[in-house]
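Here is a friendly walk through one structure, starting with its ligand and moving on to two of its helices. Have the viewer open as you read.

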Amino acid sequence: MRRKIAAGNWKMNKTLEEGKALTSEVMNMIEDEIRDDVKIVLCPPFIHLTTLQGLLKGKNQISLGAQNCSEHASGAYTGEISAPMLQSIGVEYVILGHSERREYYGESNELLAKKLNIALENNLTPIFCCGEPLQIREKDMQTEYVRKQIQASLFHLSQNDVARIVIAYEPIWAIGTGKTATTDQAQEMHATIRKQITEKYGQETANNISILYGGSVKPDNAKELFACMDVDGGLIGGASLKSRDFVDIAKSF
Ligand code: PGA
């Protein structure tokens, strides 16, 4: 059975004190509100990870994720953070290939293949993001576009390694815009992604991979999105910055 996941991508938001407050609120709320089989992943800015790790001690339902990592293990790469560093402080997940990284920092499918390798080597669970921009959706080419992203970044991996990945489908036109994909659009793309994984790695592997939807997930649309057969949770940006909204989304499974 694949895991249900609600992951919060804080992006470049929250000071340390604000981040601690948000984390404490989420911790307190999930105690009696969230099903035991739902995994919560908080992805704050790098510099908050160690402090929040201390706060979360003993709370196994909540894991920490980073928003990125370097494709290198160590060395002269000023300003970068490596996968071994993340592992050394107890981080379990890492978002890779978010559309903002692809767009503003020029991250290519090939670079992301390297980042996936190093994340997996260091026992991090990558949350691999894919998704098409508006112009591609308008031409109805989203399937080809996303298939190419997945093929170029994932298909060098062994079956064992691919089974350790979480995929997040995030149509770029829905990120931070308040415009959510319809349930039909989300389900169609998720099913397409799972089919592509099936073709390459077989049914069992594909059935066990969690595929999250991202793009303006809110408390009032999460239930219908998460009810789709191939949607296993969400990668949540804006709504993860408010504890009540984030926990309400996590309750929607
Ligand atoms: P959003 O962001 O929920 O604010 O649309 C999602 C994401 O970028 O992961």
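## Around the ligand

Of the 13 residues around the ligand (a heavy atom within 4 Å of it), K11, H98, E170, G176 and S216 come nearest. This is a predicted model, where local features need pLDDT of at least 70, side-chain atom pairs count only at pLDDT 80 or more, and totals for chains, interfaces and linings use all residues. Residues are numbered from 1 along each chain as its sequence is written, and side-chain values use heavy atoms, without hydrogens or water.

The table lists polar pairs between protein and ligand (N or O atoms within 3.5 Å).

| Residue | Protein atom | Ligand atom | Distance |
|---|---|---|---|
| H98 | polar side-chain atom | oxygen | 2.6 Å |
| G176 | polar backbone atom | oxygen | 2.7 Å |
| G238 | backbone N or O | oxygen | 2.8 Å |

The ligand alone exposes 280 Å², of which the protein buries 97% (Shrake-Rupley areas, 1.4 Å probe).

## Two helices

Helix α1 (a DSSP run of H or I, at least four residues) covers residues 16-33. Its buried residues (under 20% relative accessible area, 1.4 Å probe, protein chains only) are G19, L22, T23, V26, M27, M29 and I30. Their cover, by contact (heavy atoms within 4.5 Å), includes β2 (38-43; a DSSP run of E, at least two residues), α2 (49-55), β3 (62-66) and α12 (243-250).

Helix α7 (residues 142-154) holds Q149, which counts as buried because its relative accessibility is 3%. The side chain of Q149 reaches the backbone nitrogen of G131 at 2.8 Å. Leaving out residues up to four places away in sequence, Q149 touches R102, N109, F128, C130 and G131.

Notes. A polar contact is a pair of N or O atoms within 3.5 Å; within protein, one must be able to donate a hydrogen and the other to accept it, and residues adjacent in sequence count only if both atoms are side-chain atoms. The expected span of a helix is 1.5 Å times one less than its number of residues. Buried means under 20% relative accessible area, exposed over 50%, partly exposed in between (1.4 Å probe, protein chains only).
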